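Trainee: I'd like to learn this structure one question at a time. Please reason aloud as you answer.

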Amino acid sequence: MPAPLVPFHTLRARRGMVCSVDHLASGAGIGVLRAGGNAVDAAIATSAALAVTTQHMCGMGGDLFALVHHADGQDPTCLNASGRAGSGAEARQLRDEGHTRMPTDEDIRAVTVPGCVDGWVTLHERHGRLPLADVLEPARLLAEEGFPASPLLAFMVPLIERVDGADDYTRQPVHEGTVIRRPGAARTLAAIAADGRDAFYEGEFGEGLRRIGGGLFTAEDLARSQADWVAPLGIDLWGHRAWTVPPNSQGYLSLAAARIAELAGFGPDRAHRPGSEEWAHLLVEAARLAGHDRLDVLHDGADGDALLADDRLAPRAGRFDPERRAAPVAPGGDGDTIYLCTADGEGQAVSLIQSNARGWGVHLAVPEVGIFLHNRGQGFSLEPGHPAEYRPGRRPPHTLAPALVQRADGTLRAVLGTMGGDTQPQVVLQLLARLLVADEDPARCIGAPRWRLGDGGFDTWEGEGPGLVGVERGAPESWVDGLRRRGHEVSVQDPWNSGYGHAHLIERAEDGTLAGAADPRALTGATATW
């Protein structure tokens, strides 16, 4: 098996670890741990810092999901902080205008009530240790005093030159290292720290959102918390218990594909190795067989346990042919999201994902505070009667898919996840296989080449589903040759683009030592340790 795509090593620590796409955010999280906070405090601090430094991927105008592992070994707690459609949501109006699918850009109807801030506050109320003001202070300082623009941020700024409310980025030419100050974000974070969620949803941001919405959102919509504690979705895999967020998240696809692979005979006892052609073919097919009906079955009322039941997955595993690509089984744009994970020395760990959906979201901002709005509403259907039809109060199908793995005794094995639109479950599947089947360390899991189905956007499962398998350059030649020989159309692509995800992983050894890696594909990603 080739080495990781760059010289890249697992970092280890005993007292705490934070992995994220931005070194400033990872530093904020580890600073909170050093100040006496726990893994939840660190996750919120990291997420808030990312909302300041990485708004081209996530922010206070987006959504959030989180899984929290506890030292007592019980099932993790799970938070769904994805927003609901406003009271003015009307699918018929969109259809009457000629739309056959939800708009994605410069249309407020693609916006649901952002759940990120409700997620922070709800996580903190139940599991935080330090005062919320202390947890948010590193992010507030980054916004007030300024931070150097990352290369990816500098690259993305030209896309918003004409957006009202983009002054934080357009008042000066932005290059890598340009200092960006965000006074509106600093003011908003200070208000949340002082007065909680009401300061956001009923303050400057909420008032601005209602004005821009033109009747789409009511005061009652914003008064309702967008964060709910829900039962996590779990399944036994390769001697472990793997967990994710239930629908409306597509996280079930990661676990379903892994279970299909296991039912098809994939596992450590079969000596499957990452460098073999069988490895790539079986995992690609497992992802295809798991996801082909995603558009039909994923909605906010879907039964996650039923989607993972063996009587549903075993027939799919039975379709697997070790020598050929299965026939199309359909019904059945790049995403911008961040994933982060944290762990402390006391046994708590967090798997958290936060997103705008597409880059800069809907390309609309609340000008008073310079906070961009996501376009997660693009996940709704405009088909009359579809269970995910665009309606008031409904949550859209979500690509966000964090994961958490426990050993059979309930102790933590790992927290892991990635950004990447429809590709997220495919990357998580590959990480689970490397970690649990090949027993690779975090750096090998994260740094090794990946494959993906389709173009890595949000339309992977439309029509007859993905016909193309993209493979990062540097992957074993056996993958490419073996996939093509089995009937897959393969495209070898340049590595390091966002379509292959920005993944992170923290593993806890049985003696409590933490080992982790942040994805070098994020360029400024970092694992911070204590």
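Trainee: In which helix is the place of Glu285, and is Glu285 buried or exposed?

Mentor: This is a predicted model, where local features need pLDDT of at least 70, side-chain atom pairs count only at pLDDT 80 or more, and totals for chains, interfaces and linings use all residues. Residues are numbered from 1 along each chain as its sequence is written, and side-chain values use heavy atoms, with hydrogens and water left out. Helices (H or I, at least four residues) and strands (E, at least two) are DSSP runs numbered from the N terminus, and Glu285 sits in helix α13, residues 277–291. Buried means under 20% relative accessible area, exposed over 50% and partly exposed in between (1.4 Å probe, protein chains only), so Glu285, at 0%, is buried.

Trainee: Which residues are in contact with Glu285, leaving aside its neighbours within four places in sequence?

Mentor: Contact means heavy atoms within 4.5 Å. Outside its sequence neighbours within four places, Glu285 contacts Phe320, Arg324, Arg325, Ala326 and His488.

Trainee: α13 turns up again around α19. What covers the buried residues of α19?

Mentor: The buried residues of α19 (residues 477–485) are Trp479, Val480, Gly482 and Leu483. Just after the helix, Gly487 has a positive phi of about 100°. The cover over those buried residues includes α13, α17 and the strands β16 (451–453), β17 (468–472) and β18 (489–493).

Trainee: At what angle do the axes of α5 and α8 cross?

Mentor: Two packed helices are described by the angle between their axes and the distance between the axes. Axes are lines fitted to C-alpha atoms, for helices over the stretch in contact, and angles run from 0 to 180 degrees between N-to-C directions. The axes of α5 (residues 132–145) and α8 (residues 183–195) come within 8 Å, and they cross at roughly 170°.

Trainee: What does that make α5 relative to α8?

Mentor: Angles under 35 degrees count as roughly parallel, over 145 as roughly antiparallel, 65 to 115 as roughly perpendicular and the rest as oblique. The crossing angle of roughly 170° therefore makes α5, relative to α8, roughly antiparallel.

Trainee: How many nonpolar residues are in the contact of α5 with α8?

Mentor: On the α5 side are Leu132, Ala133, Leu136, Ala139, Arg140, Ala143 and Glu144, and they meet Pro183, Ala185, Ala186, Leu189, Ala190, Ile192 and Ala193 of α8. Ala, Val, Leu, Ile, Met, Phe, Trp, Tyr, Cys and Pro count as nonpolar, Asp, Glu, Lys and Arg as charged, and the others, Gly among them, as polar. By that scheme there are two charged residues, no polar ones, and the nonpolar number is twelve.

Trainee: Pro183 also touches Asp168. Which side chain is joined to that of Asp168 by a polar contact?

Mentor: Asp168 lies in α7, residues 167–170, and is buried at a relative accessible area of 6%. Beyond four places in sequence, Asp168 touches Ile180, Arg181, Arg182, Pro183 and Gly370. A polar contact is a pair of N or O atoms within 3.5 Å; within protein, one must be able to donate a hydrogen and the other to accept it, and residues adjacent in sequence count only if both atoms are side-chain atoms. At 3.3 Å, the partner side chain of Asp168 is that of Arg182.

Trainee: How far apart are the end C-alpha atoms of α1?

Mentor: The expected span of a helix is 1.5 Å times one less than its number of residues. For the twelve residues of α1 (residues 23–34) this predicts 16 Å, and the model agrees, with end C-alpha atoms separated by 16 Å.

Trainee: Gly36 comes just after α1. How far apart in space are Arg129 and Gly36?

Mentor: Arg129 is in the loop between α4 and α5 and is partly exposed at 43% relative accessibility. Gly36 has a positive phi of about 105°, and its backbone oxygen lies 3.2 Å from a polar side-chain atom of Arg129. The two are 93 residues apart in sequence, yet C-alpha to C-alpha they are separated by 8.0 Å.

Trainee: One last puzzle: what phi does Glu106 have?

Mentor: Most residues other than glycine have a negative phi, and most peptide bonds are trans. Glu106 lies in the loop between α3 (91–96) and α4 (116–127) and is exposed at 60% relative accessibility. Although Glu106 is not a glycine, its phi is positive, about 55°.
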